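Visitor: I have not seen this structure before. Could you take me through it one question at a time?

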Amino acid sequence: MRDHTVSIDKSTTPASLTFSSNFNVAPSFIDRHLDEGRSDKIVIRSVAGDQVTYGELAEGVNRAGNALLGLGIGKGERVLMVVKDCPAFFFVFWGAIKAGIVPVPLNTLLRAKDYQFMIEDSGCVGLVYSPEFAGEVEPALEAASRRPDQVIRTEGDGQSLNAIMTAASDELEAAPASADEDCFWLYSSGTTGTPKGAVHAHRDMVETSEHYAVNMLGLKEDDVGFSAAKLFFAYGLGNGMTFPLWVGASTVLLPGPPTPDSTFDVIEKFKPSVYFGVPTLYGAQLKALESVERDLSSLRACVSAGEALPADIFRRWQEKTDTVILDGIGSTEALHIFISNVLGDYKPGTSGRVVPGYEAKIIDEARNEVAAGDSGRLLIRGGSTAKYYWNNPEKTAETMVDGWLDTGDTYIQDEDGYFHYCGRNDDMLKVGGIWCSPFEIEAKLIEHPKVLEAAVVGRADDENLIKPEAFVVLNDASEAGDDLSAELLLHCKEGLAKYKYPRWFNFVEDLPKTATGKIQRFKLR
Ligand code: 3UK
């Protein structure tokens, strides 16, 4: 086999993937398209007006890789990315990988305190950010106990990545690597509130693209993908970047926040064939469709992930748009969806069946597999799962056992093989598809001088989607009331990522606790 190639035998299900011994994944997703005659095909369209062809993409990737090397960033060193959905995201991510550097895309909705942790934890040598996020990134750099050698904005005045790329060479050899070597990281906040860097290998994006995008979604060269979930999420990274790139298709980018209006505008203007959303957004879109007509006729399939899709949202969306929403469960650690519904085989209200290429088992407390119809912990195994958590051997040992990944979710598999979601094994919440730690919200509430104690739990709203609810013990109970609720709400909104504020406040006299003083959140739910 030549260098940097993967051969795919589709005569079996799952397809079997064989990687060349020298395998850097960038040429398979980027340079291959030049050989296959797609140089002039547009791969990226953006609401901001950008259009990028496969030829321009390959050139931008080489320039960005050379720019990072020129800044002195070496093989295996990390570059954090706080970059909006735009062509630069593609250039930096793939340029780094091609150059043997490890890109680490970060959630752009976070606050300075979160970035500070990641700057310190990752030991990154570089940080690239969109100027829009300076307000949170710069204070994080100030506060951090170590500063990356190279901090650079994607664009704007002075020394920007853009300017360095223009001066850099447009030729770059892919750095030697192997299918199982570290390639990129994604931070996950699951299980406990502290983010953990999930380290992914070069093979992982090939595995998800082939097993999920090609085999389950039937994604093809003439598809146009649109992901409301941003590229920095594993979900968005696949939907909006790796999947379209894998099959030679194209993608539409929305740099701003995904709202019913902004997403409908994209669908009407760019006519995507596959749309990727999250339950909360589908719910909001349905609400909006009660009062406006929108043309969604370009869609052949819709996908939902991040949290369970209520069957009622599935049904109403099908009624309104005549398309089905394929719910699937994925995770940052698995990189993408491993149990899913598919066109022609779906059961609303379930996560579907195992994606060929993955194995799943549900186990009890004694780690024995449970019978169909019984609930237990969901473990999965497959070629795309993270190798380990950076700097966190305890969590690695807890979560990744004998090649199996513990999802932290409780599931029941029914007689027909469909998986039914039954909640988390921990107190973590998914809000709008994004992790939300009750501990973090509680800590914020306790910072307020009038608050003595606080507990946060998930509560289903009128669409059956989980949102944070706060139970608060005050220093002076007589201050309880709507004014104080409003004050606490403002306090939370100012200090936490936007989606994390409690939607309900309850003032209580005390909190249910164990003998050792641990809050019993399950009693409040
Ligand atoms: C929950 C779901 C029920 C579940 C993700 C698709 O969400 C993604 O990754 P995260 O690391 O969270 C993983 C956790 O989220 N979850 C996700 N999807 C569903 N629960 N039904 C679902 N359909 O608790 C899981 O353990 O943020 C989703 C692709 C890639 C992803 N990273």
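Guide: The questions below deal with a predicted model, starting at the ligand and ending at a sheet.

Visitor: How many residues surround the ligand, and which are the closest?
Guide: The shell around the ligand divides by class into 10 nonpolar, seven polar and five charged residues. Together, 22 residues surround the ligand. The closest are Asp327, Gly328, Thr332, Asp409 and Lys430.

Visitor: Which side chain has an N or O atom 2.5 Å from an oxygen atom of the ligand?
Guide: Two contacts can be set aside, as they involve the backbone. A backbone N or O atom of Gly306 lies 3.0 Å from a nitrogen atom of the ligand, and for a backbone N or O atom of Ser331 the distance to a ligand nitrogen is 3.3 Å. The side-chain contact of 2.5 Å, to a ligand oxygen, belongs to Thr332.

Visitor: How much of the ligand does the protein bury?
Guide: The contact from the side chain of Thr332 to a ligand oxygen spans 2.5 Å. Taken alone, the ligand exposes 610 Å². Of that area, the protein buries 96%.

Visitor: Which element gives the most to the shell around the ligand?
Guide: Four elements give two or more residues each: α9 (234–247), β15 (325–330), β22 (404–413) and β23 (419–424). The top contribution is four residues, and it comes from β15.

Visitor: What is the volume of the largest cavity?
Guide: The whole structure holds three cavities of 30 Å³ or more. Residues lining the largest one include Leu309, Phe314, Asp327 and Tyr346, and β15 supplies the largest share of that lining, three residues. By class the lining has six nonpolar, three polar and two charged residues. The space inside the largest cavity is about 50 Å³.

Visitor: Asp327 has now come up twice; where does it belong?
Guide: Asp327 is among the residues closest to the ligand. Asp327 also lines the largest cavity. Its number falls within 325–330, the range of β15.

Visitor: In β16, which residue is the bridge partner of Gly330?
Guide: β15 and β16 (residues 337–340) run antiparallel and are joined by three bridges. Their hairpin has six residues between the strands, where Leu335 takes a positive phi near 80 degrees. Across the pair, the partner of Gly330 is Ile337.

Visitor: Which residue of β17 is the bridge partner of Ser340?
Guide: β16 also pairs with β17 (residues 353–354), in the antiparallel sense and over two bridges. In β17, the partner of Ser340 is Arg353.

Visitor: Which element gives the most to the lining of the second largest pocket?
Guide: This pocket has a volume of about 340 Å³ and is lined by 21 residues, with Pro87, Ala88, Phe91, Glu155 and Asn162 nearest its centre. The elements that give two or more residues are β4 (51–53), α3 (54–70), α4 (87–99) and α7 (161–167). The lining divides into nine nonpolar, six polar and six charged residues. The most from any element is four residues, given by α7.

Visitor: Which are the edge strands of the open sheet that contains β10?
Guide: Three strands form this open sheet, with antiparallel pairing, in the order β9-β10-β20. Six bridges join β9 to β10 (residues 196–201), and one of the partnerships is that of Ser188 with Lys196. An edge strand pairs on one side only, which is true here of β9 (182–188) and β20 (388–389).

Note on methods. Residues numbered from 1 in each chain as written. Predicted model: local features only at pLDDT ≥ 70, side-chain atom pairs only at ≥ 80, totals over all residues. Heavy atoms only, no water. Pairing = 2+ DSSP bridges. Near = heavy atom within 4 Å. Polar contact = N/O pair within 3.5 Å; in protein donor to acceptor, adjacent residues only side chain to side chain. Areas by Shrake-Rupley, 256 points an atom, 1.4 Å probe, with all protein chains shown as cover. Nonpolar A, V, L, I, M, F, W, Y, C, P; charged D, E, K, R; others polar. 1 Å grid on protein atoms, 1.4 Å probe; cavity = no way out; pocket = protein on both sides within 12 Å on 5 of 7 lines; lining within 4 Å. Points joined across faces, edges and corners; volume = space filled by probe spheres on them.
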